[in-house]
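Open the model in your viewer, colour it by secondary structure and keep the sequence panel in sight. The tour below goes from one selection to the next and says what is there.

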Amino acid sequence: MVLRIALGAVYTAMAIGQLASLGHMPAILSAYGLVTEAAATALAVALITGELVCGVWFLARPRSKALPPVWAFTAVSVVWSLLAVQAYARGLAVANCGCFGIYLAQRLSWFVLLQDSLTLLYAGLMLRAARQAPARHADGVEAGRDVRIP
């Protein structure tokens, strides 16, 4: 639960920073060398939306075992990681990773790759936990269990 609250706070802050600098996000994402113009704008909107969905959900419902916010977190983490790894491997100089838009800017480095690796690890842990949690019906009874009334 603490992990979800921490990740919810970070991803909500990321989304707010990127939303506040939405006009700069296409250029920031273009620096990774994979997308430009309209595609960069669409990617920015998709990342911000995913960050808001999982961030707000994790903050509002940290004990929830619902898969959609976990999948949103995973998707956003994978996209940021892929952008970073391929740019780093190609030796591109990315002055601002864009995690918080134009705020708290940090250049692409091994430290950013480490941060991205941690988000992927957290995504894997949350996916595993969500899959292992028993499904519940609307009446609160676990699916697949026989309920005997004496």
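**The whole chain**

The accessible surface of the chain comes to about 8600 Å², and 67% of it belongs to carbon and sulfur atoms; such areas come from the Shrake-Rupley method with a 1.4 Å probe, and for residues only the protein chains shown count as cover. This is a predicted model, in which local features need pLDDT of at least 70 and side-chain atom pairs count only at pLDDT 80 or more, while totals for chains, interfaces and linings use all residues. Residues are numbered from 1 along each chain as its sequence is written, and side-chain values use heavy atoms, with hydrogens and water left out.

Show the cartoon. The chain has five helices and zero strands, in the order α-α-α-α-α. Helices (H or I, at least four residues) and strands (E, at least two) are DSSP runs, numbered from the N terminus. The chain has 150 residues, of which 39% count as buried. Buried means under 20% relative accessible area, exposed over 50%, and partly exposed in between, with a 1.4 Å probe and protein chains only. Among contacts with a separation of 6 or more, 69% are between residues 24 or more positions apart; contact means heavy atoms within 4.5 Å.

**Helix α3**

Select residues 37-60, which are α3. This helix has 24 residues and reaches 34 Å from its first C-alpha to its last, close to the 34 Å expected at 1.5 Å a residue. The expected span is 1.5 Å times one less than the number of residues. Show the side chains of A40, L43, A44, L47, I48, G50, E51, C54, G55 and F58: these residues of α3 are buried. They pack against α1, α2 (25-30), α4 and α5.

Step on to R61, in the loop between α3 and α4. R61 is partly exposed, at a relative accessible area of 48%. Draw a distance from its C-alpha to that of G8: the two residues are 53 apart in sequence and 9.8 Å apart in space.

**The aromatic pairs**

Next, show the rings. The structure holds four aromatic pairs. Rings of Phe, Tyr and Trp (its six-membered ring) pair if their centres lie within 6.5 Å; planes under 30 degrees apart count as stacked, over 60 as edge-to-face and the rest as tilted. Take F58 and F73: their ring centres are 6.0 Å apart and their planes are at 50°, so this pair is tilted. F58 belongs to helix α3 and F73 to helix α4, so the pair ties together parts that are 15 residues apart in sequence. Are these two residues buried or exposed? F58 is buried, with a relative accessible area of 0%, and F73 is also buried, at 0%. Add Y11 to the selection, since ring pairs link Y11, F58 and F73 into a cluster.

**Helix α4**

Select residues 67-89, which are helix α4. α4 has 23 residues and reaches 32 Å from its first C-alpha to its last, close to the 33 Å expected at 1.5 Å a residue. Within α4, pick S81. S81 is buried, with a relative accessible area of 7%. Which residues is S81 in contact with, leaving aside its neighbours within four places in sequence? They are D116, T119 and L120. Then move to Y88, also in α4, which is partly exposed at 41% relative accessible area. After α4 comes G91, whose phi is positive, near 75°.

**Helix α5 and the surface patch**

Select residues 110-132, helix α5. At 1.5 Å a residue its 23 residues should span 33 Å, and the end C-alpha atoms are 33 Å apart, which agrees. V112, L113, D116, T119, A123, M126, L127 and A130 are buried in α5. Their cover includes α1 (2-20), α3 and α4.

Now switch to the surface and select Y88, W110, F111, L114, L118, L121 and L125. These form a nonpolar patch with about 700 Å² of accessible area together. Patches are made of residues with over 30% relative accessible area and no salt bridge, like charges being joined within 9 Å and nonpolar side chains (Val, Leu, Ile, Met, Phe, Trp, Tyr) within 5 Å; a salt bridge is a side-chain nitrogen of Lys or Arg within 4 Å of a carboxyl oxygen of Asp or Glu. Helix α5 gives the most to the patch, with six residues. End on two of the patch members: W110 is exposed, with a relative accessible area of 58%, and F111 is partly exposed at 39%.
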